[in-house]
Amino acid sequence: MEIITPLDYQTKARKRQRRSLRPCDACRKRKTRCVIKDGDGDCVHCQLRITACTFQHDPPERHAANSTTSGGVTNGTSGDDRPVSLDESRGKKRSRKESRDDARTLISDTPSIQSSYLSTSETRASGDSGYHPQHSSVVMPELVSGLAGPNPLHGTLGCMTTRFSELYGLGSDMEPILMRHRPYDPVTHEFSQKTHAIRRMLERDEGQEYPVTFHIAGDDKAVDSDPTHSLVESIEDCVRPYGPNLVKLFWRHVQPCYPLLSKEAFATVYSRGYRSIPPALLGTVYLSALRWWTYDPQLSIRTQPNAAVLRDNLQSALMSSYHRPKLCSIQACLLLLQCQPEDPLNPEHAFQWGLTCRALAIGQSLGLHQDAGSWAIPQWERNLRKRLSWALYMQDCWTAVAYGRPLHIHTDDWTVQDLTPEDFTDVDSERYLPTPGPDAIASTGMNQFILMARLTKILAAIYREFYTARTSREQNTVVLFEKARPFFDMLNTWYSSMPPTLQMNVVYRRKLCFHGFLHFSYYGVAMTLLRRLIRSTALPPRCTDDRVLCEIRQIALQTAQSAISFVTSLRPDHLEAFWFFTSPYLFSLLGSFTTLLLVTSLSSQGHHFWQETLNSYLWKLRMMSKSHEPMKYAVNRLEGSILRGLEHALAVNLNESVNDKVRPIMSSYATDVYQYTDFGDWDLAGGVNGAYDILSGIAVQPDPAIIIPPREDIG
């Protein structure tokens with residue numbers, strides 16, 4: 001058999017004949033042009049797909065263009081412009097048997113899943129590759145009438161309904177040089193085989209002479225497939241009949257500030273029935289919205305669904321989705337990581353870190369670490385991929401910092417371009433208005449997401465410079481401070497670029513203000529940089545440069561004052577809004593950072609100041625934690641772990657003060673601004689070679705009241 005190459009399609013001097021009689025069965029089914037080269041008995045498409053070129057079936061009977069069935073199904077066209085309604089032009093009364101036969105014909109001819117959710121090119125590629133989805137198990141009667149019209153999932157790569165894709169990397173056994181010589185279809189960009197297909201997304205990978213290719217396979221080839229929709233039914237049962245209300249709450253409270261979904265695509269598919277949405281994504285949308293259950297007037301008077309049962313079903317759906325990498329799996333993982341844990345006092349850090357790693361693994365399998373700006377996919381999927389890429393980047397970086405783990409994403413393997421406003425055109429229908437305005441919620445959320453990604457890039461650079469296993473060995477304070485100067489400038493530049501619409505004094509009319517986590521993240525990055533410098537002062541060699549010490553302490557003082565003032569000034573509409581998953585860690589980090597400043601105090605006045613500051617901050621957190629779960633975690637973390645055992649040495653009072661004459665220092669914290677020179681002489685900086693740590697010469701004894709005897713080994 002002659003091998004057909006893409007050059008055969010492109011040259012104008014093609015020696016082809018058009019079959020004058022009728023197309024073969026396969027070309028008629030695909031509605032493609034049936035052509036044959038001189039001397040060959042089979043048509044070109046059948047040769048490419050290695051299928052039999054047969055003429056066994058008669059042409060289908062043509063139907064009228066405008067007719068309506070007795071069941072209310074209006075005639076329309078499918079994704080490949082084929083009529084899907086029943087022919088009633090003859091006006092004859094049908095029998096029940098004929099109606100049932102017509103219904104079967106409607107379901108079989110309608111591109112229910114393979115053509116409605118997939119592009120025409122995907123349908124062609126899967127039709128002759130040995131992949132045949134079971135329509136009877138996935139087509140639902142309530143979806144048949146809603147399949148007419150454009151489908152947003154046509155031509156996608158990471159959102160295919162019955163197929164999934166995986167990137168062929170440069171180090172895999174699928175040699176990139178060999179991949180460029182395969183006979184890809186000029187329309188579908190696929191080379192189809194019986195078991196799978198290879199899809200070329202870009203002819204030149206980063207300008208190199210080899211393509212970007214993906215492995216395409218059917219969902220039925222994966223392990224743990226769910227053809228009966230049992231997972232999505234179990235998730236819907238947890239919230240029935242309030243699913244649509246929860247989706248509306250998600251659009252109001254989560255999507256504007258954490259835009260991981262394409263609203264138009266999701267809404268179009270969801271309108272055809274909840275079974276059309278992947279179960280893992282559907283469950284995380286519901287679980288995310290449960291936090292604002294009382295903000296819906298119809299839901300607030302009803303009993304809230306059991307979140308624990310929904311979370312259990314969601315875990316099963318997530319595990320099943322790992323075998324079929326798709327963008328919805330990453331969306332589900334990231335949204336689940338933003339949800340509050342079942343027990344805020346005992347979060348599962350190992351599970352959170354493991355879920356982050358799974359999301360990163362799926363993202364790399366889908367090529368989210370690469371720039372997809374020129375790939376042969378719809379524009380809205382390019383935008384979605386870019387936002388998901390940076391959401392993964394933020395999740396990896398902040399989780400690594402919060403849990404003290406190494407970074408997974410490195411700049412050498414990251415080619416995704418920075419976010420721009422053009423990457424958010426599919427986030428919310430509000431942006432499609434003629435003049436949405438800079439004050440629109442969608443525009444505000446877009447600016448916040450872009451700023452958060454830029455801030456995370458600064459944090460990642462700081463982490464690589466100061467917190468890796470190798471860079472953490474340097475303890476020379478002067479050297480570290482010189483390395484830190486450019487990062488202080490970056491943070492100042494970043495903060496000055498924040499528009500007025502993202503300031504904390506903004507008040508929305510009957511809407512929650514979600515700006516809190518952006519500002520608190522800024523303080524978190526500053527504290528992460530400063531604590532590395534202050535930590536070095538408590539370790540040898542001793543810093544003898546008083547100017548450097550004074551400057552570091554002054555910056556740390558201003559940062560701690562500003563951060564604590566920020567926390568104490570949070571309004572109810574701030575606390576009730578969406579917060580990034582690191583917020584509990586940041587509330588705890590602020591207390592830990594204040595304790596570090598207390599331990600490394602250089603004067604008695606400074607030591608007393610940080611004691612009062614820490615006590616007042618703990619008291620404020622304890623009061624505010626009644627209405628804010630992240631603060632409850634911080635109180636438990638500080639009082640139960642970070643400060644436990646050091647109370648006597650630090651003279652920190654974790655209980656309510658019994659002295660009514662004591663004036664809390666936090667009462668005027670917003671107006672009182674301290675300078676480091678206000679703390680007097682450095683009377684605690686004794687010793688020529690000693691480190692700046694007031695606990696270094698104290699034998700810390702555990703409190704007998706809280707000593708827990710060791711548990712004996714069993715057996």
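Let us start at one proline: leaving aside residues up to four places away in sequence, proline 279 touches Leu231, Val232, Ile235 and Ala317. This proline sits in helix H12. Another residue to find here is asparagine 313, which is 34 residues from proline 279 in sequence, while their C-alpha atoms are 9.1 Å apart in space. Keep in mind as you look around that this is a predicted model.

Now step back to the whole chain. It has 25 helices and six strands. Of its 715 residues, 51% count as buried. How much of the contact in the chain comes from residues 24 or more positions apart? Among contacts with a separation of 6 or more, such residues account for 75%. On the outside, the chain exposes about 34,300 Å², and carbon and sulfur atoms supply 52% of that area.

Helix H12 also helps us to understand a neighbour, helix H11, which covers residues 263–270. Within H11, the residues Lys263, Ala265, Phe266, Val269 and Tyr270 are buried. What covers them? The cover includes helix H10 (243–253), helix H12 (279–289) and helix H16 (379–403). It is worth knowing that an α-helix has 3.6 residues a turn, so residues three or four places apart point the same way. With that in mind, look again at Phe266 and Tyr270, both among the buried residues of H11.

From H16 we can move on to tryptophan 414, found in the loop between H16 and helix H17 (441–466). Is this tryptophan buried or exposed? Tryptophan 414 has a relative accessible area of 15%, and because buried means under 20%, it counts as buried. Its contacts, again without residues up to four places away in sequence, are Leu368, His369, Ser389, Trp390, Tyr393 and Ile409. Glutamine 370 is 44 residues from tryptophan 414 in sequence, yet 6.3 Å from it in space, C-alpha to C-alpha.

Next comes a helix with two partners to explore. Helix H19 (residues 516–537) packs against helix H20 (residues 546–568) at an angle of about 150 degrees, and their axes are 10 Å apart. How do the two helices run relative to each other? Angles over 145 degrees count as roughly antiparallel, and H19 and H20 are therefore roughly antiparallel to each other. Their crossing is left-handed. On the H19 side, the residues that meet H20 include Phe520, Tyr523, Met527 and Leu530; on the H20 side, they include Ile552, Ile555, Ala556 and Phe566. Sorted by class, the contact of H19 with H20 has 14 nonpolar, five polar and one charged residues.

The other partner is helix H22 (residues 583–599), which packs with H19 at an angle of about 35 degrees, with the axes 10 Å apart. Here too the crossing is left-handed. From H19, the contact includes Phe517, Phe520, Met527 and Ile534; from H22, it includes Tyr585, Leu586, Phe593 and Leu597. By class, the contact of H19 with H22 has 13 nonpolar, four polar and one charged residues.

The loops hold some details of the backbone that are worth a visit. Between H19 and H20 lies the loop that contains proline 541. The peptide bond from proline 540 to proline 541 is cis, with omega near 5 degrees. Another cis peptide bond joins arginine 240 and proline 241, with omega about 5 degrees. Proline 241 belongs to the loop between helix H9 (230–239) and H10.

Two further loop residues have a positive phi without being glycine. One is histidine 189, with phi of about 60 degrees, in the loop between helix H8 (176–179) and strand S4 (190–192). Histidine 189 is partly exposed, with a relative accessible area of 25%. The other is arginine 510, with phi near 55 degrees, in the loop between helix H18 (477–496) and H19. Arginine 510 counts as exposed, at 79% relative accessibility.

Our last stop is serine 625, in the loop between helix H23 (604–624) and helix H24 (629–642). Serine 625 is buried, with a relative accessible area of 7%. Not counting residues up to four places away in sequence, serine 625 touches Met631, Lys632 and Val635.

Notes. Residues numbered from 1 in each chain as written. Predicted model: local features only at pLDDT ≥ 70, side-chain atom pairs only at ≥ 80, totals over all residues. Heavy atoms only, no water. Helix = DSSP H or I, 4+ residues; strand = E, 2+ residues; numbered from the N terminus. Buried < 20%, exposed > 50% of the residue type's maximum accessible area, 1.4 Å probe, protein only. Contact = heavy atoms within 4.5 Å. Areas by Shrake-Rupley, 256 points an atom, 1.4 Å probe, with all protein chains shown as cover. Axes fitted to C-alpha atoms, helices over the stretch in contact; angles between N-to-C directions. Parallel < 35°, antiparallel > 145°, perpendicular 65-115°, else oblique. Left-handed = near helix turned anticlockwise from the far one by under 90°. Nonpolar A, V, L, I, M, F, W, Y, C, P; charged D, E, K, R; others polar.
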